[in-house]
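Subject: Structure for you to look through

Dear colleague,

I am passing on the structure that we talked about, and below it I have written out what I found. Please keep it open while you read.

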Amino acid sequence: MSEPKGRGEGRGGGEASLPPTDPPVDANDITQEMDIKGGADPREQGALRLIRGPEVGAFTAIPHTGSLVVGRGGDVDLSISDRGLSRRHARFFHLAGSHYVEDLGSTNGVFVEGSQVGDLPLRLSQGDRIALGESIILMFELHDELSKQASETIYRKAVRDALTGLHNRSVLDERIRQETAFTRRHRVPLSVIMIDLDHFKRVNDDHGHAAGDAVLRAIARVLSEAVRAEDLVARYGGEELCVLARGTDTGGAMTLAERLRRHIESLPIRANFTQLRVTASLGVATYRGDDDDDVVARADAALYEAKRAGRNRCVHADVV
């Protein structure tokens, strides 16, 4: 790895190096110097907070040893679903009391406070904004263990449904806005799958609300495991759930919906010493970039058609 840069060396895209009189950076020397001068608090841990992108507020710690690789691929530590990211875009790491970011040869670059990271890793400071490509912005923060836990708790309460752990309605609404805008720009399909559990009121009436909660948690888990990393599963309200599938056309969306329906139908759920089975009706709609297309409303209409036709089935809005 190349020698990291501090702020004195600048952030330009051209090659930068330490003055020729300076010796190479040695982690042990830096650590000893920090111990003498009282450098960074060893209790503090670096972290990245997503402030623009698909999950605003998401909080990820940078490990004290090793590194955190960010990109859109499946083999990275922090995967963000955005076409503007390279599969392995940037690497964040901790060295001798400081934190650094390194561009891994990305297509669209890494920028810290508006200046591009060049060939050498760049030292980060509290509050730095790191732009990855055109639309992803992370903020670098330092936290002790207590504030780290508090930040994670606040974030989780803001974006997750307390019962199921799925994304909540506010995250879903924002993600739909982002994904439809992406579809209009790039002309790739976006499919929405609305899912409603059949006769869910009977579960609550016959077995109690604790059983109903157990059913919702089990269904949430099986849906999350069945979709891709770039798909979003959210609780829409009550027993109604929603899946957003980017880059998925009508045929792919119906295939996915049918797979989810079968998973739900075959899932044994233990609640109050009783094994329950439930079914679901699914409505599917595919957004193709029309400004006046309310894709969620069309998926919801398809869902109610599935209910009307006998439940436990998938219906696409194009055939309603």
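How many bridges join strand 3 to strand 4, and do these strands run parallel or antiparallel? Two bridges join strand 3 to strand 4 (residues 78-79), and the two strands run parallel; strands pair if DSSP finds at least two bridges between them, and strands (E, at least two residues) and helices (H or I, at least four) are DSSP runs numbered from the N terminus.

Before going on, please note that this is a predicted model, in which local features need pLDDT of at least 70 and side-chain atom pairs count only at pLDDT 80 or more, while totals for chains, interfaces and linings use all residues. Residues are numbered from 1 along each chain as its sequence is written, and side-chain values use heavy atoms, with hydrogens and water left out.

Staying with strand 3 (residues 67-71), Gly71 has Ser79 of strand 4 as its bridge partner, whereas Ser67 is partnered by Phe93 in strand 5. Strand 3 and strand 5 (residues 90-95) run antiparallel and are joined by four bridges. Four of the five residues of strand 3 are buried, so this strand is largely enclosed by the rest of the structure; buried means under 20% relative accessible area, with a 1.4 Å probe and protein chains only.

Elsewhere, five strands form an open sheet of mixed pairing, in the order 13-14-12-17-18. Strand 13 (232-237) and strand 18 (314-316) stand at its edges with a single partner strand each, so one side of each has no neighbour in the sheet. Within this sheet, strand 12 and strand 17 pair in the antiparallel sense over eight bridges, and Met194 stands opposite Gly283 in strand 17.

The largest nonpolar core, a set of buried Ala, Val, Leu, Ile, Met, Phe, Trp, Tyr and Cys residues joined through side-chain atoms within 4.5 Å, has 35 residues, and Ile219 and Leu260 are among those with the most contacts inside it. Helix 5 gives the largest share of this core, 10 residues.

Helix 5 (residues 209-226) also packs against helix 6 (residues 250-265) at an angle of about 145°, with the axes 10 Å apart; axes are lines fitted to C-alpha atoms over the stretch in contact, and angles run from 0 to 180 degrees between N-to-C directions. Among the residues that make this contact (heavy atoms within 4.5 Å) are Ile219 and Val222 of helix 5 and Leu256 and Leu260 of helix 6.

With best wishes

Key: Buried means under 20% relative accessible area, exposed over 50%, partly exposed in between (1.4 Å probe, protein chains only).
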